[in-house]
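Dear colleague,

I am handing over the structure we spoke about, and below it you will find my notes on what turned up when I went through it. Please read them with the coordinates open beside you.

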Amino acid sequence: QLVESGGGLVQAGGSLRLSCAASGRAFSSYAMGWFRQAPGKEREFVAGISRSGISTYYTDSVKDRFTISRDNAKNTVYVQMNSLKPEDTAVYYCNAIKDYSGALFWDYWGQGTQVTVSS
């Protein structure tokens, strides 16, 4: 089970921190990623983190603004989002990934958390 939280409405330039709690799995055995889906668009892989947390990946559009992290003791992955832009508006999801192409390990999704950035 994946439970995302922390979304909300924020003005452009603001910040949010999203959390994703995973249960029922060996969380520390998986690299994790954050994805987002804007209305009318396909789901997009935006950030990934290795099992240990040492290695991270960001798509160009969020590089230097988003920071992914994880706490394996809490089975939770986070993304700190700064300098938010209206184009960051989307539903955000997490999932286990095979690599930084965003290929998935798990074939299910949580409910996601809505992020809305006003201009």
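**Sheet, strands and salt bridges**

Val91 stands opposite Gln114 in strand 10, and this is a convenient place to enter the model, which is a predicted one. The pairing between strand 9 and strand 10 is antiparallel and runs over 3 bridges. On its other side, strand 10 pairs with strand 2 in the parallel sense, over 4 bridges, and there Leu9 is found opposite Thr116 of strand 10.

Strand 10 itself, which covers residues 113-118, has side chains that alternate along its length. Thr113, Val115 and Val117 point to one face and are buried, whereas Gln114, Thr116 and Ser118 point to the other face and are not buried. Gln114, the partner of Val91, and Thr116, the partner of Leu9, thus both belong to the set that is not buried.

These pairings are part of an open sheet of 6 strands, arranged in the order 2-10-9-4-5-6 and with mixed pairing. Strand 2 (8-11) and strand 6 are the edge strands, each of them pairing on one side only. Direction ignored, neighbouring strands of this sheet are turned by 25 degrees against each other on average. Further along the order, strand 4 and strand 9 pair in the antiparallel sense over 7 bridges, with Gly33 standing opposite Asn95 in strand 9.

The charged side chains come next. Which residues are linked in a network of salt bridges? Arg36, Glu44, Arg65 and Asp88 are, in a structure that holds 4 salt bridges. As general background, side chains of opposite charge can pair when their charged atoms come close.

Glu44 forms a salt bridge with Arg36, and the closest N and O atoms of the two are 2.9 Å apart. The surroundings of these two residues can be stated separately: Glu44 is partly exposed, at a relative accessible area of 29%, while Arg36 is buried, at 6%.

Arg36 also forms a salt bridge with Asp88, where the closest N and O atoms are again 2.9 Å apart. Because Asp88 lies in the loop between strand 8 (76-81) and strand 9 (90-97), and Arg36 in strand 4 (residues 31-37), this pair ties together parts that are 52 residues apart in sequence. Asp88 has a relative accessibility of 0% and so counts as buried, the cut-off being under 20%.

Asp88 takes part in a further salt bridge, with Arg65, at 2.7 Å from N to O. Arg65 is placed in the loop between strand 6 (56-58) and strand 7 (66-71), and Asp88 in the loop between strand 8 and strand 9, so that the pair ties together parts that are 23 residues apart in sequence. Both Asp88 and Arg65 are buried.

One residue of strand 8 also deserves a note, namely Thr76. Is Thr76 buried or exposed? Its relative accessibility is 8%, so Thr76 counts as buried. The side chain of Thr76 reaches the backbone oxygen of Lys74 at 2.8 Å. Leaving out residues up to four places away in sequence, Thr76 touches Ser19, Cys20, Ala21, Phe27, Arg70 and Asp71.

With best regards

How values were computed. Residues are numbered from 1 along each chain as its sequence is written. This is a predicted model: local features need pLDDT of at least 70, side-chain atom pairs count only at pLDDT 80 or more; totals for chains, interfaces and linings use all residues. Side-chain values use heavy atoms; hydrogens and water are left out. Buried means under 20% relative accessible area, exposed over 50%, partly exposed in between (1.4 Å probe, protein chains only). Helices (H or I, at least four residues) and strands (E, at least two) are DSSP runs, numbered from the N terminus. Two strands pair if DSSP finds at least two bridges between them. Axes are lines fitted to C-alpha atoms, for helices over the stretch in contact, and angles run from 0 to 180 degrees between N-to-C directions. A polar contact is a pair of N or O atoms within 3.5 Å; within protein, one must be able to donate a hydrogen and the other to accept it, and residues adjacent in sequence count only if both atoms are side-chain atoms. Contact means heavy atoms within 4.5 Å.
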